[in-house]
Amino acid sequence: MTMETWSRSRTGRYGRRLGLVSDAEHDGVGRAREEVLSMLGERTRLFAQEWTTWRPDPVWRWPVLPDDVLSRTGLSGG
């Protein structure tokens, strides 16, 4: 098992244990991940063209997490 695989599986278990992610959602993410990795490896669909020059639209807003995200996930560290 690679470090990346171990980290993902551990993170998935943690999210499910906290009730943040259902088993069905976790399985769906796993299926989507495999689909994307396949497209990437085969350079098909979204990955069929060069993307190194892509930049986000400057009018797009940065994502923002809720103020209480750390306390809701048990990651407050304090």
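**Why the labels fit**

Visitor: Why is Glu-34 called partly exposed?

Guide: Glu-34 has a relative accessible area of 48%. Buried means under 20%, exposed means over 50%, and partly exposed is in between (1.4 Å probe, protein chains only), so Glu-34 at 48% counts as partly exposed. By the way, this is a predicted model, where local features need pLDDT of at least 70 and side-chain atom pairs count only at pLDDT 80 or more, while totals for chains, interfaces and linings use all residues. Residues are numbered from 1 along each chain as its sequence is written, and side-chain values use heavy atoms, with hydrogens and water left out.

Visitor: What makes Arg-33 and Glu-34 a salt bridge?

Guide: The rule asks for a side-chain nitrogen of Lys or Arg within 4 Å of a carboxyl oxygen of Asp or Glu. The closest N and O atoms of Arg-33 and Glu-34 are 3.9 Å apart, so the pair passes. Arg-33 itself is partly exposed at 29%.

Visitor: How many salt bridges does the rule give?

Guide: Three. Among them, Arg-16 and Asp-23 have their closest N and O atoms 3.6 Å apart, and Arg-16 is partly exposed at 28%. Arg-45 and Glu-35 also pair up, at 3.3 Å from N to O. That pair links distant parts of the chain, ten residues apart: Arg-45 is in the loop between helix H2 (23-42) and helix H3 (69-73), while Glu-35 is in helix H2.

Visitor: Why does Arg-45 count as exposed, and Glu-35 as partly exposed?

Guide: Arg-45 has a relative accessible area of 60%, so it clears the exposed cut-off. Glu-35 has 41%, so it falls in the in-between class.

Visitor: How do you know that the span of H2 agrees with its residues?

Guide: Helices are DSSP runs (H or I, at least four residues), numbered from the N terminus. The expected span is 1.5 Å times one less than the number of residues. For the 20 residues of H2 that gives 28 Å, and its end C-alpha atoms are 29 Å apart, which agrees. Just after H2, Arg-43 takes a positive phi of about 50°.

Visitor: Which helices and strands does the chain have?

Guide: Three helices and zero strands (E, at least two residues). Along the sequence, that reads α-α-α. Of the chain's 78 residues, 6% count as buried.

Visitor: Where is Val-59, and why is it called exposed?

Guide: Val-59 is in the loop between H2 and H3. Its relative accessibility is 66%, so exposed is the right label.
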